[in-house]
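The following exercises train the reading of a protein model. Please study the sequence and the structure, attempt each task, and then compare your work with the solution.

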Amino acid sequence: MRFDFTDLRLFLHVQQAGSITAGAARSHLTLQAASERIRGMEEALGVALLTRVSNGVTLTEAGFALARHANTLLQQRNHMQSELQQFGNGLRGHIALLCNASALSLHLPSRLSDYLLAHPRISLSVSEKPSHEIVDAIKNQRTELGIVADSVPLQGLETREFCLDPLVVAAAVASPWAASPVLAFEALLDAEFVGLNLGSALQEHIDHHARQRGKRLNYRVRLNDFPALIGLIQQGLGIGIVPEKALAQTDAQQVRAISLSDAWAQRHLLLCARQFSALPGYLQEFVEQISGRQASAPDAEHHGEPQSDQSEKEAAAK
């Protein structure tokens, strides 16, 4: 099966226009050439991609699947061209970094600003994903470098300590919860929560641990960022589970941080790669500057707790 970008672009134009004739015109192809290309795709796949109707064509189920993949491939091609063109303009390197929510919003900004100011010929893109997805992307060579919580299996990867990032319960000082020096997650499952919006890797991590206990957390309100979340907790609208540093960076004097006793909350953030020494030189330099720690051996998990604690952690961590 061989498709080129002209085939994929033509197919998307046919989808958008609703006819092969109009799709061919948008692709600057003759109707005969366009029809032959689409017929060739259908023969190569052994499945119909279009259904002919009186006023044009519609996509079959296979056609919709092809359109979805075609969009992804063409977007990746455009991104590749844009990135490579930057090298022609004097760029030395591009860093694509995947990281979890805490690293992205709480720990990275100051370190990245210092690094980028000192390296004007390096560009950077940072994307937020749950830790288990980052590990999967690195192992399957879809990306080279990530920052993850240490609660995911890391066998086969090298890691470096990035920072400590414990999760705590945030509660208004007037809340009954605030009287406890330490809390277990199990005790909080029926409480009213203030949380981050759907799609947040951290909130997915917390919700995962609730589901493991057969519960769904009761969210009074969900927001986009830590300052807004902590502000509503301060008003007594519920409790939240947040990185300890999120509280330290706000001026919420009426919110108390209460330690969580669960092993998964006592976490470290780690830089990870398949092999740090195999990274391009500018990426190795980047790792050295934002971590300042030695790499662990591959096939070993780098954790801040004894190995026995690891068994209490689930793989689908934030």
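**Exercise 1: Cysteines**

The structure holds zero disulfides, a disulfide being a pair of cysteine sulfur atoms within 2.5 Å. The model is predicted: local features need pLDDT of at least 70, side-chain atom pairs count only at pLDDT 80 or more, and totals for chains, interfaces and linings use all residues. Residues are numbered from 1 along each chain as its sequence is written, and side-chain values use heavy atoms, with hydrogens and water left out.

Task: State whether Cys163 is buried or exposed, and do likewise for Cys272.

Solution. Step 1: recall the cut-offs, by which buried means under 20% relative accessible area, exposed over 50%, and partly exposed in between (1.4 Å probe, protein chains only). Step 2: Cys163 has a relative accessible area of 10%, so Cys163 is buried. Step 3: Cys272 has a relative accessible area of 0%, so Cys272 is buried.

**Exercise 2: Confidence**

Task: Determine which element has the lowest mean pLDDT and which the highest.

Solution. Step 1: pLDDT is the predictor's confidence in each residue, from 0 to 100. Step 2: the protein chain averages 83, and 86% of the residues score at least 70. Step 3: elements are DSSP runs numbered from the N terminus, namely helices (H or I, at least four residues) and strands (E, at least two). Step 4: helix α11 (residues 307-310) has the lowest mean, 38, and strand β8 (residues 182-183) the highest, 95. Step 5: pLDDT stays under 50 over residues 299-318, for which the model nevertheless has 60 contacts (heavy atoms within 4.5 Å) beyond four places in sequence.

**Exercise 3: The sheet**

Task: Give the strand order of the open sheet of four strands, and explain why one side of β8 and of β11 is left without a neighbour.

Solution. Step 1: two strands pair if DSSP finds at least two bridges between them. Step 2: the order is β8-β12-β7-β11, with mixed pairing. Step 3: β8 and β11 (240-243) stand at the edges with a single partner strand each, so one side of each has no neighbour in the sheet. Step 4: β8 and strand β12 (residues 255-260) run parallel and are joined by two bridges; Val182 has Ser259 of β12 as its bridge partner.

**Exercise 4: The cores**

Task: Name the residues with the most contacts inside the largest nonpolar core.

Solution. Step 1: a nonpolar core is a set of buried Ala, Val, Leu, Ile, Met, Phe, Trp, Tyr and Cys residues joined through side-chain atoms within 4.5 Å. Step 2: the largest core has 36 residues, and Phe185 and Leu188 have the most contacts inside it. Step 3: strand β7 (residues 167-172) supplies the largest share of this core, five residues. Step 4: beyond four places in sequence, Leu188 touches several residues, among them Val169, Trp177 and Phe193. Step 5: a second, separate core of 23 residues includes Leu97, Leu271, Ala273 and Leu283. In soluble globular proteins, nonpolar side chains tend to be buried together.

**Exercise 5: Tyr115**

Task: Locate Tyr115 and find which residues are in contact with Tyr115 beyond four places in sequence.

Solution. Step 1: Tyr115 lies in helix α5 (residues 101-118). Step 2: its relative accessible area is 2%, so Tyr115 is buried. Step 3: apart from neighbours within four places in sequence, the contacts of Tyr115 are Ile95, Ile122, Tyr282, Phe286 and Gln289. Step 4: Phe286 is 171 residues from Tyr115 in sequence, yet their C-alpha atoms are 7.6 Å apart.
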